[in-house]
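Dear colleague,

Please find below the structure I agreed to pass on to you. I would be grateful if you could keep it open while reading the notes that come after it.

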Amino acid sequence: MKVDTKIINNVASSSLAISHNIHPIVFPYFARWQKSYGKVFVYWLGKEPFLYIAEPEFLKKMSSRVHGNKWGKPNVFKHDRKPMFGSGLVMVEGDDWVRHRHVINPAFSPPTLKAMASLILEPATKMLERWTTLINSGKLEMDVEKEISSMTGEIIARATFGLRNEKGSEVFEKLKAMQFTLFNSNRYVGVPFSHWICPKKNLEAKKLGKEIDQLLWSIIKDWDGSHHRYLVGYLMEGEKLSAREIVDECNTFFFEIRQVIGDGEDIAFTTLSRLTKMGWVMNEVLRLYSSAPNAQRQAREDIKVDDLLIPNGTNMWIDIVSMHHDPTIWGDEANEFRPERFKDDHLYGGCKHKMGFLPFGFGGRMCIGKNFAIMEYKVVLILMITRFSFSLSPTYRHSPSIFISLRPRYGLPLIVQPL
């Protein structure tokens, strides 16, 4: 797996070609194994077996009778990602998952999201004003991915704590550093004693985790209850979650929203819902470049799929990138950017199977921050395209890579010019 990835990365980094057929780039070993073993097979990470799934019908049958609280997360990933997620919603299971979900759901209700829309405007406008200053000084090329990630950190800090808090932005930057530390190194997931193979990286991740915890503790400690409508208010209401669980949920929210991504004062929440074509574009981008490129599950009971028995405790890897690029369900134009495919079918884009398009996961454990991410995307993109035009920089290198989420390995340098 590592050899395949290294070869592909070397080729991609030196190539000037741009192709949306990214499955052989981000998961070269799965693309190769599919040719020999089909879309459902077992592979091993160290001593851990995984059931690989890239077949929508199989996934539908497997998940149709399993409720959200009956799914687990592979233990090997729980340990691997503990510094980042702790015991937040992404990792908890069973009754704890139900309890966490019940506490957090009100923070993403339509009335709450409507109130949060105004939180997006100021950071976005500030970013665009900085671009104008840079352009006036003669700098037209900008790493838009880096710029938007930084702005998103400020937005999430406001949505989480309801205030302009520099500590919140600092949390976001440290989470980005942790993501890079954990997932840009030679990890050996599933190999016994693997934490001793890359001790420096593991220690660095734990150190960042402790620093993030301390920042969140200090923010929560200073919270005076005046920002009830924001995430921290819902988390602290009624003492339903422990202090440790509150910190982990704040971490989780910061990361989940980061995965997805005229005059600002004139943008109303009701206007956003009418931006139909923008919705087509967003869905097509999430199809071709899935921010969550895979989903992992662990069976918490025996599951029967036709004649196959999936035993309790089985690890599963669902390859979302593969299904989003599969010509058998998307047609011959599966690897082409065609937003209009969502014109007549805005939910599934004409996909032949409803489980073939999973931009925010599936079932009861679908991403809870989905609607917030969609709202942020629409607000920010409107502000951008009404003030600037964009074109690829000659320095752009097309190399989508996995860092838990799908990211451009070399950033997204664009030439930005005022309209």
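The notes below cover the sheet, the helices lying across it, one loop residue and the nonpolar cores. Please bear in mind that this is a predicted model.

I begin with the sheet. It is open and mixed in its pairing, and its 5 strands follow the order S1-S2-S8-S5-S3. Strand S1 (40-45) and strand S3 (71-72) are the edge strands, each pairing on one side only. S3 runs antiparallel to strand S5 (residues 294-299), and 2 bridges join them. Gly-72 has Gln-298 of S5 as its bridge partner.

Two helices should be viewed together with this sheet. Helix H3 (residues 28-37) lies across S1, strand S2 (48-53) and strand S8 (315-319), and its direction is at about 135 degrees to S1. Helix H4 (residues 56-63) lies across S1, S2, S3 and S8, and runs at about 115 degrees to S2.

One loop residue deserves a separate note. Asp-306 is found in the loop between strand S6 (303-305) and strand S7 (308-310). Although Asp-306 is not a glycine, its phi is positive, near 55 degrees.

Finally, I turn to the nonpolar cores. The largest has 52 residues, of which Trp-131, Leu-235, Phe-372, Met-375 and Val-416 touch the most other members. Helix H8 (residues 110-136) supplies the largest share of this core, with 11 residues. A second core, separate from that one, consists of 37 residues, among them Tyr-52, Phe-58, Val-66 and Val-189.

With kind regards

How values were computed. Residues are numbered from 1 along each chain as its sequence is written. This is a predicted model: local features need pLDDT of at least 70, side-chain atom pairs count only at pLDDT 80 or more; totals for chains, interfaces and linings use all residues. Side-chain values use heavy atoms; hydrogens and water are left out. Two strands pair if DSSP finds at least two bridges between them. Helices (H or I, at least four residues) and strands (E, at least two) are DSSP runs, numbered from the N terminus. Contact means heavy atoms within 4.5 Å. Axes are lines fitted to C-alpha atoms, for helices over the stretch in contact, and angles run from 0 to 180 degrees between N-to-C directions. A nonpolar core is a set of buried Ala, Val, Leu, Ile, Met, Phe, Trp, Tyr and Cys residues joined through side-chain atoms within 4.5 Å. Buried means under 20% relative accessible area, exposed over 50%, partly exposed in between (1.4 Å probe, protein chains only).
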